[in-house]
Structures are given as C-alpha cells and as structure tokens.
Amino acid sequence: MRRIPSNVTTLAGTLAVATALALTGCSGASVDPATSATPTAAGSALDGSITVYAAASLKTTFTELADEFEEAHPGTTVELTFAGSSDLVTQITEGAPADVFASADEKNMAELTDAGLVDPSASEDFATNVLTIAVPPSNPARVSDFADLAKPDVKTVICAAQVPCGAATKTVEEATGVTISPVSEESSVTDVLGKVTSGEADAGLVYVTDVEGAGDDVEGIDFPEADQAVNTYPIAPVVDTSNPEVAEAFVAFVTGEVGQGVLRSAGFGSP
C-alpha cells in the first residue's frame, strides 16, 4: 500500500478539525480537536511484510492470527516460520531475518535479550501452557498417568531438554521422582505429536493445546504433576527488524483482544 506523505496527512487532519469546528459553531456544540476523528483509517498507515519466528506449538493459532492481522491491515504480509524455540534462537542469533520472535518459554527469549537482539522492555508475556500425555485413540499401552511413561514396555517420546517442552518434562520428572527412558527425543513438540499420531510411539509428552488441535487423532491424558511446569510464552520484535511499525503492531495484535481470544479458544492459559 502506498504511504500518504506526512504533510498531506497533517493538512487533511487540520482541515477536518477546522470543518468540525465550523459546523459545531453553527449548532452550539463544542468539539475537542484532540479527540476529533480524522478521515484516515486506523490501519491505513501500516504496510509491508514481516517474518515471525514462532514456537512450534503456536502453529495453528499464529496461522489464524496472521490471516486476521492481514485482513485488518490489507497492506501487510506476515510470513511465519515455526520450529522449536531453541532452534529459532540459534537461527536468529546467526542472522536469520526475523522481525518478531514468539517463544514457548522465557529462557529462550532471555537468550536473545542477553545477546542484545531483543529489547527486554519490548518483551510481553501473552500465554501459558502445560504438558499432557498424548496417546493413540486406542491407547494400546494402557497409559493412565505420568508414572506409566517410565515403564519399559511403553514406547514414550519426549522433547529434547533444550526445547521448552523438554525442559518442562525434566521439571516434572524431578518433581515426581519418575525418570523416563524415551525411545526418542525430538526437537519440537509437533515432532513428538507426529510420532504418536503415526503409531511410532505409545505415548508422548506434548502441550494441552497440541492435543486440542489434533482432534480425534490422539487422546489426551491429563496428570496433576503438570502444574509443576507451567510454560510462559513471551513475544517481542527483534531489534534489527526492517519493519518496526508492523512488527510492533503484530505484537500488540497478539497481546490484544483478538489474539487473546484466539489463544484462549485453542486452550492456552492467560499469562
């Protein structure tokens, strides 16, 4: 979308206020120029593209939010890249062209703030998530609680320790005294879910939102110990973004009414 030169916008605003004052002078009403509306649409100043790097567990919600953001701001384009948060941090640190980063935990966001790639004051928490057990619909291993995942005849898949869902798994293991010997450790929570839906695993530790999004492909088994590891999701523009206005607007969109509604509907908790 073509930008309107600032001097034209200013002139238009001045004329609009003057017209409003003239009209209200005839009617006897008063108008506050500071609150008087101008003809410029609220979203018309935004244009251009941004690339959002987001945790794999946000794929469904952020795909929906990107579409809604583009609809609200027709001159914008939101490109999405999803992976494990730690993998995304590595890519951004190595110079990947990200404009916004949304992490599945605070630790990975801190790595970017410590590196000077994200302004800590610009980081906002926007959601929380907890683990649950995903099993195939038939639950062939008869898993019923967290301790069952450590049984030698149960093929369990978890996230690698450096990934937020893996760190949460470790926290639950330490809290319960249960040690899982997984058949594999994956680099993202969606990979864990894929092992379960394909029948390669009897069970996997994923987020409640992943089970919600999988529908009938898996069955979720909640366990009380999950409360020991609540993951908080932060989001922030990257310092060297090429489009700071759109990046900041997208962050505001996610943390605002529309974004929070979509996230709550998907099963995420409030930050």
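Strand β3 (residues 100–102) and strand β10 pair in the antiparallel sense over three bridges, where two strands count as paired if DSSP finds at least two bridges between them. Helices (H or I, at least four residues) and strands (E, at least two) are DSSP runs numbered from the N terminus, and the protein has nine helices and ten strands. This is a predicted model, in which local features need pLDDT of at least 70 and side-chain atom pairs count only at pLDDT 80 or more, while totals for chains, interfaces and linings use all residues. Residues are numbered from 1 along each chain as its sequence is written, and side-chain values use heavy atoms, with hydrogens and water left out.

**Strand β10 and its partners**
- Within the pairing of β3 with β10, alanine 102 has isoleucine 235 as its bridge partner.
- Strand β4 (residues 124–129) also runs antiparallel to β10, joined to it by five bridges, and asparagine 129 stands opposite asparagine 231.
- Seven of the seven residues of β10 (residues 231–237) are buried, so this strand is largely enclosed by the rest of the structure; buried means under 20% relative accessible area, exposed over 50%, and partly exposed in between, with a 1.4 Å probe and protein chains only.
- In a regular strand the side chains alternate between the two faces of the sheet.
- In β10, Asn231, Tyr233, Ile235 and Pro237 point one way and Thr232, Pro234 and Ala236 the other, and all are buried.

**Nonpolar cores and helix α8**
- The largest nonpolar core has 64 residues, of which Leu58, Phe62, Phe126, Ile133, Ile235 and Phe250 touch the most other members; such a core is a set of buried Ala, Val, Leu, Ile, Met, Phe, Trp, Tyr and Cys residues joined through side-chain atoms within 4.5 Å.
- Helix α8 (residues 244–255) gives the largest share of this core, seven residues.
- A second, separate core of 13 residues includes Ala96, Met109, Leu112 and Ala236.
- The buried residues of α8 are Val246, Ala247, Ala249, Phe250, Val251, Phe253 and Val254.
- Leaving aside neighbours within four places in sequence, phenylalanine 250 is in contact (heavy atoms within 4.5 Å) with residues including Ile50, Phe62, Val100 and Ile235.

**The five-stranded sheet**
- An open sheet of five strands has the order β7-β6-β8-β5-β9, with mixed pairing, and its edge strands, β7 (184–186) and β9 (219–221), each pair on one side only.
- Strand β5 (residues 131–135) pairs with strand β8 (residues 203–207) in the antiparallel sense over four bridges, and leucine 131 stands opposite tyrosine 207 in β8.
- Helix α5 (residues 164–176) lies across β5, β6 (156–159) and β8, running at about 100 degrees to β5; axes are lines fitted to C-alpha atoms, for helices over the stretch in contact, and angles run from 0 to 180 degrees between N-to-C directions.
- Helix α6 (residues 189–197) packs on the sheet and touches β5, β6, β7 and β8, its direction making about 145 degrees with that of β8.

**Alanine 104**
- Alanine 104 lies in the loop between β3 and α4 (106–114) and counts as buried because its relative accessibility is 3%.
- Not counting residues up to four places away in sequence, alanine 104 touches Ala55, Ser57, Ser85, Pro164, Tyr207, Asn231, Thr232 and Tyr233.
- Alanine 104 and cysteine 165 are 61 residues apart in sequence and 8.0 Å apart in space, C-alpha to C-alpha.
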